[in-house]
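Trainee: Got a minute to walk through this one with me? I'd like to talk about pockets, salt bridges and what is covered.

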Amino acid sequence: MAIPISLVLSSGGARGITHIGAISALEEQGYTIEAIAGSSIGSLIGGLYAMGKLDDFKDWLLTLKRRDVFNLMDFTWSNSGVMKGEKVFNKIKSFIPDMLIENMAIPFSAISTDIVHQKEMVFTSGSFFDAVRASVAIPGVFTPVNYMENILVDGGLINPLPLNHLKRKRNSLLVAINLNAPEDEQLDTAKTGQKYGGYFAISQKAILTMLSKITELSIALHQPDIVVNIPRNITGVWDYHKAASLIEIGKEKTLEALHAHKQQSMSFASYPKTFD
């Protein structure tokens, strides 16, 4: 019997490719995704799944080499960001047409940050690609999005794991894929590109630490039924050419979390009940 879930996908750059493996594992284990919310890369992967195009995106990702990733970076002299982000989105649009969010088969929410009014901007309708472009606009990296009287940047800035935008339904599980989990000390930092020696590396570590703490607070507050923790040092922010291995990591971590949840559920079911 299918198990209905609401799925929340966090921000995390190239680590977001693990979301693909996570979704694959959930489907294989009999879970049915009934609603999705995502920040940054989580909004891209979640929305593509909601519109039925995630396999097409995955197939393209698996073809990317390091040089291809670099060639998709459209650098600009703008003082609000070093990349426009148009090149990569135009490439994706060439094989995945845009869609109105309200027409997707699965209810979907993309989270962005309005830095003018210092609040979240939640997209549940309108152009999918416009919403995602706003959600992934990392401050200082991608130029921000002007939307009405708002200036929008990465949703992960204030809500890297938007659990508050999916209601826990009766007879349904709330599942979170957290890309900002504590570092895995066993990983070889030389291979993952996460050495912390220079200015930019220190800045990146500081940002990741902040996102990790915000995420911990969100999980403690909303208490999802299942949390899949992906260590924040599994790969570099721009390592999209490592799609194959990242998809496998996402699948493995999700299967581990599902197994732990099943074992815990069985333990609760067998625990002697007492009555006053």
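**Salt bridges, pockets and cover**

Mentor: Let's start with Asp-239, which counts as buried because its relative accessibility is 11%. Buried means under 20% relative accessible area, exposed means over 50%, and partly exposed is in between (1.4 Å probe, protein chains only). This is a predicted model, where local features need pLDDT of at least 70 and side-chain atom pairs count only at pLDDT 80 or more, while totals for chains, interfaces and linings use all residues. Residues are numbered from 1 along each chain as its sequence is written, and side-chain values use heavy atoms, with hydrogens and water left out.

Trainee: OK, which residue forms a salt bridge with Asp-239?

Mentor: Lys-242 does, and the closest N and O atoms are 3.3 Å apart. A salt bridge here is a side-chain nitrogen of Lys or Arg within 4 Å of a carboxyl oxygen of Asp or Glu. Lys-242 counts as partly exposed because its relative accessibility is 24%.

Trainee: How many salt bridges does a search of the whole structure find?

Mentor: Three. Another one joins the side chains of Glu-28 and Lys-251, at 2.8 Å from N to O. Glu-28 is in helix 1 and Lys-251 in helix 9 (residues 243–270), so that pair ties together parts 223 residues apart in sequence. Helices (H or I, at least four residues) and strands (E, at least two) are DSSP runs, numbered from the N terminus. Lys-251 is partly exposed, at 21% relative accessibility.

Trainee: And what about Glu-216 and Lys-213?

Mentor: Their side chains meet in a salt bridge too, at 3.7 Å, N to O. They are three residues apart in helix 8, so about one helical turn separates them. Glu-216 has 36% relative accessibility and counts as partly exposed.

Trainee: Switching topic: how much space lies in the largest pocket?

Mentor: About 1,100 Å³. On a 1 Å grid over the protein atoms alone, a pocket is an open set of points with protein on both sides within 12 Å along at least five of seven lines, whereas a cavity is a set of points where a 1.4 Å probe fits but cannot get out; lining residues have an atom within 4 Å of a point. Grid points are joined across faces, edges and corners, and the volume is the space filled by probe spheres set on the points.

Trainee: Which residues lie nearest its centre?

Mentor: Ile-138, Val-141, Phe-142, Val-237 and Trp-238, out of 41 lining residues. The elements giving two or more residues to that lining are helix 2 (41–50), helix 3 (54–61), helix 5 (86–93), strand 6 (140–142) and helix 8 (199–222). Helix 8 supplies the largest share, nine residues.

Trainee: What's the chemistry of that lining, by class?

Mentor: It divides into 29 nonpolar, nine polar and three charged residues. For the classes, Ala, Val, Leu, Ile, Met, Phe, Trp, Tyr, Cys and Pro count as nonpolar, Asp, Glu, Lys and Arg as charged, and the others, Gly among them, as polar.

Trainee: And the second largest pocket, how much space is there?

Mentor: About 270 Å³. It is lined by 18 residues, and the closest to its centre are Lys-93, Phe-129, Asp-130, Arg-133 and Val-145. Helix 5, helix 6 (128–135) and strand 7 (145–147) each supply at least two lining residues. By class, that lining has seven nonpolar, six polar and five charged residues.

Trainee: Back to helix 2: how many of its residues are buried?

Mentor: Ten of the ten, so helix 2 is largely enclosed by the rest of the structure. Gly-52 follows helix 2, with a positive phi near 80°.

Trainee: And helix 1?

Mentor: Helix 1 (residues 18–28) is mostly covered, with eight of its eleven residues buried. Among them are His-19, Ile-20 and Leu-26. Gly-30 follows helix 1, and its phi is positive, near 90°.

Trainee: Last one: where is Met-121, and is Met-121 buried or exposed?

Mentor: Met-121 is in strand 5, and at 15% relative accessibility it counts as buried. Met-121 and Ala-110 are eleven residues apart in sequence and 8.3 Å apart in space, C-alpha to C-alpha.
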